Amino acid sequence: MKKRKTGIGIALLALPLLVYSIFFIYPIVYTVYLSMMKWNGMANVKKVFVGFRNYTTLFSQSVFMHSLGNAAVFMAVSLAVIFPVSFLLALLVSRRTRVNSVLRTAYYIPTLLPMTATGMMWMFMLAYNGGAVNEILGFFGISAHDWLGDTKLAIWIVALVNSWMYIGSNMLIFVTGITNIPSDIVEAAIVDGAGPLQRIVHITIPNMKETFKVFLTSAIAGSVKVFDIIYVMTDGGPGTATDVPATLMYDQAFLSSRFGYASSIGVFIIFLSLLITFTLNFFLDEREETGKRKDRRRKGGRETGGGL
């Protein structure tokens, strides 16, 4: 009977494992293999083994280091814009009312829009001639500006557009975290006279550590892998001003036919994403465990303390 159950369990796991291996494990392994080759992507052209030469070339290229800086800009904007705005909106619409239901839907709509349509919409709005943004600024006497043509400003503009898209989805994540806080804790705080700000600082935020961890992991790792919004709005331009590792990888593979070099960028993106995820989880878990140990020591001190 036990052998039969074991066989059924293996059979049930076999198909998901097979699918996972084909569509996840194999592409990663093959990308690592290609990253050590010189190849132009043509099936009838032999791959030439070059070892780690693609990686040494990668880190010696100033354009790649610049693309990492642009990914850092996306990361900074995500943390500075998406986090506070999404959390504030979540606090405002967390109560279950009809008005809040409508507002939650309205704030979430940008996330539902296709990335291509959103990118093109903002591209037209930010256009130098006839763009809605410059037209509004002109109404107040402010001169027009080529927002996406400015080499120093373009990456910040695209990062802000990306933040606008994902504020709604992160708001719902925070709403879920807020609504999962036990109501008896909140009610006890109200009875004790805690005001709204005190409840946010001492109850809401401490009870949303796991939710914040999910946001930080997805926001930081997502900044490293960002591609679509940049490709639609600027295609890495002007020049290479808005290139990030993913757009650089695309250009090297499909425009320059350097599939080995492009694969080394892909491997680096995977490695950096995993490194950020594991490091972030480790430090957050370690900090939480340290806090728990301090709480236990304080409680132990109170229990054993007192008079002689």
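Here is a short chat about a predicted model, covering its helices, cores and one surface patch.

Modeller: Numbering starts from 1 along each chain as its sequence is written. Local features need pLDDT of at least 70, side-chain atom pairs count only at pLDDT 80 or more, totals for chains, interfaces and linings use all residues, and side-chain values use heavy atoms, with hydrogens and water left out.

Biologist: Is V19 buried, partly exposed or exposed?

Modeller: V19 sits in helix α1, residues 2–34 (helices are DSSP runs of H or I, at least four residues, numbered from the N terminus). Buried means under 20% relative accessible area, exposed over 50%, and partly exposed in between, with a 1.4 Å probe and protein chains only. The relative accessible area of V19 is 39%, so V19 is partly exposed.

Biologist: How far apart are the end C-alpha atoms of helix α4?

Modeller: Helix α4 covers residues 98–112, 15 residues in total. The expected span is 1.5 Å times one less than the number of residues. That should give 21 Å, and it agrees with the model, where the end C-alpha atoms are apart by 21 Å.

Biologist: Which residues of α4 are buried?

Modeller: Their cover includes α3 (62–93) and α7 (154–179), going by contact, meaning heavy atoms within 4.5 Å. The buried ones are N100, R104 and P110.

Biologist: Which element gives the largest share of the largest nonpolar core?

Modeller: A nonpolar core is a set of buried Ala, Val, Leu, Ile, Met, Phe, Trp, Tyr and Cys residues joined through side-chain atoms within 4.5 Å. This one has 19 residues, and F74, L126, V158, I229, I230 and M233 touch the most other members. Two or more residues each come from α3, α5 (115–125), α7 and α11 (228–233). The largest share, six residues, comes from α7.
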